[in-house]
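Dear colleague,

Please find below the sequence and the structure for your review. My notes on what was found follow directly after them.

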Amino acid sequence: MALIKLQTEPIDVAACYAQLKAPQYGGIVTFCGTVREWTGPLQTTYIEYTAYEEMAVKELAKLAAPIEEAGGKVVIVHRLGPLAIEDEAVFIGVATAHRAAAFAGCRQIIEDLKVSVPIWKKEVNRTGDRWGGGMVDERA
């Protein structure tokens with residue numbers, strides 16, 4: 001069963017990775033999204049994440065389900081609350097028998113998370129506040 005958490009504490013990346021290790025998995029792919037200082041011309045001071053937590057956990061479980069049903073393992077941990085520059089905001093890990101499925105699953109989860117999971121980002125920068133992303137294509 002997937003490990004899915006929303007938390008205000010810093011993400012322990014090593015502990016998340018350790019949850020993915022098992023003899024049946026030959027491919028483990030992880031993604032850590034961190035708070036960057038610049039979004040285009042805007043200098044970020046900090047970011048604050050909020051969520052409709054019950055629904056977010058259900059939606060994250062839906063994203064993990066196809067991978068887990070195919071025999072893989074998924075770990076998704078997302079921070080909530082204020083985060084400083086360089087803090088980890090999200091950890092996604094996918095373990096599968098082969099690397100191709102692990103890469104594809106990890107990428108699919110982060111892309112779908114940004115579209116369908118009720119987690120919102122407020123960027124506080126030197127000129128004001130902004131909700132969400134914008135300015136740059138974050139899929140690049």
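**Helix 2 and its surroundings**

Met-55 is partly exposed, with a relative accessible area of 30%. This residue belongs to helix 2, and its C-alpha atom is separated by 9.4 Å from that of Ile-119, which lies 64 residues away along the chain. Please note that the model is a predicted one.

Helix 2 covers residues 53-69. Does the length of helix 2 agree with what its 17 residues should span, or disagree? At 1.5 Å a residue the expected span is 24 Å, and the end C-alpha atoms are 24 Å apart, so the two agree. The helix nevertheless has a kink of about 35 degrees at Leu-63, shortly before the proline Pro-66. Just after helix 2, Gly-71 adopts a positive phi of about 100 degrees.

Several residues of helix 2 are buried: Ala-56, Glu-59, Leu-60, Leu-63, Ala-64, Ile-67 and Glu-68. Leu-63, the site of the kink, is thus listed with two glutamates among these buried positions. The elements that cover them include strand 1, strand 4, strand 5, strand 7, helix 3 and strand 8.

**Nonpolar cores**

The largest nonpolar core has 27 residues. Within this core, the residues with the most contacts are Leu-60, Val-74, Ile-76, Ile-92, Ile-109 and Leu-113. At least two residues each come from strand 1 (3-7), strand 4, helix 2, strand 5 (73-79), strand 7 (88-96) and helix 3. Leu-60, which is in helix 2, illustrates how these parts meet: beyond its neighbours within four places in sequence, Leu-60 is in contact with Ile-4, Leu-6, Ile-76, Leu-113 and Val-117. Another core, of eight residues, lies apart from the largest one and has Ile-11, Leu-20, Tyr-25 and Ala-95 among its members.

**Salt bridges**

How many salt bridges does the model contain? The count comes to six, and three of particular interest to this note are described here. Arg-107 and Glu-111 meet in one of them through their side chains, at 3.6 Å from N to O. Both residues lie in helix 3 (residues 99-116), four residues apart, or about one turn of the helix. An α-helix has 3.6 residues a turn, so residues three or four places apart point the same way. Glu-111 is partly exposed, with a relative accessible area of 22%.

Lys-121 forms a salt bridge with Glu-123, with the closest N and O atoms 3.4 Å apart. Glu-123 also forms a salt bridge with Arg-130, where the closest N and O atoms are 2.8 Å apart. Through these shared partners, Lys-121, Glu-123 and Arg-130 are joined into one network. Are the members of this network buried or exposed? Lys-121 counts as buried, at 12% relative accessibility. Glu-123 is buried as well, with a relative accessible area of 1%, and Arg-130 is also buried.

**Polar contacts of Gln-43 and Thr-127**

Gln-43 is located in strand 4 (residues 42-51). Its relative accessible area is 19%, and because the cut-off for a buried residue is under 20%, Gln-43 counts as buried. The side chain of Gln-43 makes polar contacts with the side chain of Glu-37 at 2.6 Å and with the side chain of Arg-126 at 3.0 Å. Leaving aside neighbours within four places in sequence, Gln-43 is in contact with Glu-37, Trp-38, Asn-125 and Arg-126.

Asn-125 also takes part in a polar contact with Thr-127, side chain to side chain, at 2.8 Å. Thr-127 sits in the loop between strand 8 (119-125) and strand 9 (128-131). Thr-127 is exposed, with a relative accessible area of 70%. The C-alpha atom of Thr-127 is separated by 9.8 Å from that of Thr-45, although the two residues are 82 residues apart along the chain.

**A positive phi outside glycine**

Which residue has a positive phi although it is not a glycine? This is Glu-86, with a phi of about 80 degrees. Most residues other than glycine have a negative phi. Glu-86 is found in the loop between strand 6 (81-83) and strand 7, and at 64% relative accessibility this residue counts as exposed.

With kind regards

Definitions and conventions:
Residues are numbered from 1 along each chain as its sequence is written. Side-chain values use heavy atoms; hydrogens and water are left out. Buried means under 20% relative accessible area, exposed over 50%, partly exposed in between (1.4 Å probe, protein chains only). A polar contact is a pair of N or O atoms within 3.5 Å; within protein, one must be able to donate a hydrogen and the other to accept it, and residues adjacent in sequence count only if both atoms are side-chain atoms. Contact means heavy atoms within 4.5 Å. A salt bridge is a side-chain nitrogen of Lys or Arg within 4 Å of a carboxyl oxygen of Asp or Glu. A nonpolar core is a set of buried Ala, Val, Leu, Ile, Met, Phe, Trp, Tyr and Cys residues joined through side-chain atoms within 4.5 Å. The expected span of a helix is 1.5 Å times one less than its number of residues. The bend at a residue is the angle between axes fitted to the seven residues ending there and the seven starting there.
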